[in-house]
Amino acid sequence: ARLRVRPLMGGVAFTVGPRNVLVSFSVVTGPSFNKAQFKGARGVFESIEADNSWALRPGVGVTWTVAPRVAVVGFGGYMINRPGVVYSDRFGTTVRGRWKADTVVTSVGVVYSVF
């Protein structure tokens, strides 16, 4: 099965450090719109559903200014999301439970300031 997770999140961040290297600690949270489905030919006699859930993502970001208007940025965080899932098979058996849909979030990039 495949679980599609689409969180809509907002939160706060606190930034510390010298002017050329800034470290931001953040926490964002919000509703996660989830959908579960079978891949391939499965699903004809079986069904799977995922409830919407609440997601939380703490994280740490670093901004390193390397030249005027140019910086290297990086981020690392961990998103916690536990949607309820209902699975029914062709024999009428129904299983309810929570999936641990947690994930590690990382990114690295370069920023150029236009203004």
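Leaving aside neighbours within four places in sequence, which residues is Val-85 in contact with? In this predicted model, the list holds Ile-48, Glu-49, Ala-50, Val-95, Arg-96, Gly-97 and Trp-99.

**Core and aromatic pair**

Val-85 also belongs to the largest nonpolar core. That core has five residues. Its other members are Ala-36, Phe-38, Ile-48 and Ala-50. Ile-48 and Ala-50 thus appear in the core and among the contacts of Val-85.

Phe-38 has a second role. A search of the whole structure finds one aromatic pair. Its partners are Phe-38 and Tyr-87, arranged edge-to-face. The ring centres are 6.1 Å apart, and the planes make an angle of 80°. Phe-38 sits in the loop between strand E3 (21-37) and strand E4 (47-50), while Tyr-87 sits in strand E7 (residues 84-88), so the pair ties together parts that are 49 residues apart in sequence. Phe-38 counts as buried because its relative accessible area is 16%, and buried means under 20%. Tyr-87 is partly exposed, at 24%.

**Salt bridge**

The structure holds one salt bridge. It joins the side chains of Arg-82 and Asp-102, with 2.6 Å from N to O. Arg-82 lies in the loop between strand E6 (70-81) and E7, and Asp-102 in the loop between strand E8 (94-98) and strand E9 (103-112), so this pair ties together parts that are 20 residues apart in sequence. Arg-82 is partly exposed, with 37% relative accessibility. Asp-102 counts as buried, with 17%.

**Nonpolar surface patch**

Phe-14, Val-16, Phe-25, Val-60 and Val-62 make a nonpolar surface patch of about 430 Å². Strand E2 (10-16) and strand E5 (53-67) are the elements that give two or more residues to this patch. Val-60 is a member from strand E5. Its relative accessible area is 36%, so Val-60 is partly exposed.

Leu-22 touches two of the patch residues, Val-16 and Val-62. Leu-22 itself is in strand E3. Its contacts beyond four places in sequence also include Thr-15, Gly-17, Gly-61 and Thr-63. Leu-22 and Thr-63 are 41 residues apart in sequence, yet their C-alpha atoms are 5.1 Å apart. Leu-22 is partly exposed, with a relative accessible area of 30%.

**Arg-69 and Tyr-112**

Where does Arg-69 lie? Arg-69 is in the loop between E5 and E6. Its phi is near 75°, a positive value in a residue other than glycine. Arg-69 is partly exposed, with a relative accessible area of 43%.

Tyr-112, in strand E9, touches Arg-69 and Val-70, not counting residues up to four places away in sequence. The C-alpha atoms of Tyr-112 and Ala-71 are separated by 6.7 Å, although these residues are 41 places apart along the chain. Tyr-112 is exposed, because its relative accessible area of 55% is over the 50% limit.

**Accessibility of selected residues**

| Residue | Relative accessible area | Class |
|---|---|---|
| Phe-38 | 16% | buried |
| Asp-102 | 17% | buried |
| Tyr-87 | 24% | partly exposed |
| Leu-22 | 30% | partly exposed |
| Val-60 | 36% | partly exposed |
| Arg-82 | 37% | partly exposed |
| Arg-69 | 43% | partly exposed |
| Tyr-112 | 55% | exposed |

Methods: Residues are numbered from 1 along each chain as its sequence is written. This is a predicted model: local features need pLDDT of at least 70, side-chain atom pairs count only at pLDDT 80 or more; totals for chains, interfaces and linings use all residues. Side-chain values use heavy atoms; hydrogens and water are left out. Patches are made of residues with over 30% relative accessible area and no salt bridge: like charges are joined within 9 Å, nonpolar side chains (Val, Leu, Ile, Met, Phe, Trp, Tyr) within 5 Å. Accessible areas come from the Shrake-Rupley method with a 1.4 Å probe; for residues, only the protein chains shown count as cover. A salt bridge is a side-chain nitrogen of Lys or Arg within 4 Å of a carboxyl oxygen of Asp or Glu. Helices (H or I, at least four residues) and strands (E, at least two) are DSSP runs, numbered from the N terminus. Buried means under 20% relative accessible area, exposed over 50%, partly exposed in between (1.4 Å probe, protein chains only). A nonpolar core is a set of buried Ala, Val, Leu, Ile, Met, Phe, Trp, Tyr and Cys residues joined through side-chain atoms within 4.5 Å. Contact means heavy atoms within 4.5 Å. Rings of Phe, Tyr and Trp (its six-membered ring) pair if their centres lie within 6.5 Å; planes under 30 degrees apart count as stacked, over 60 as edge-to-face and the rest as tilted.
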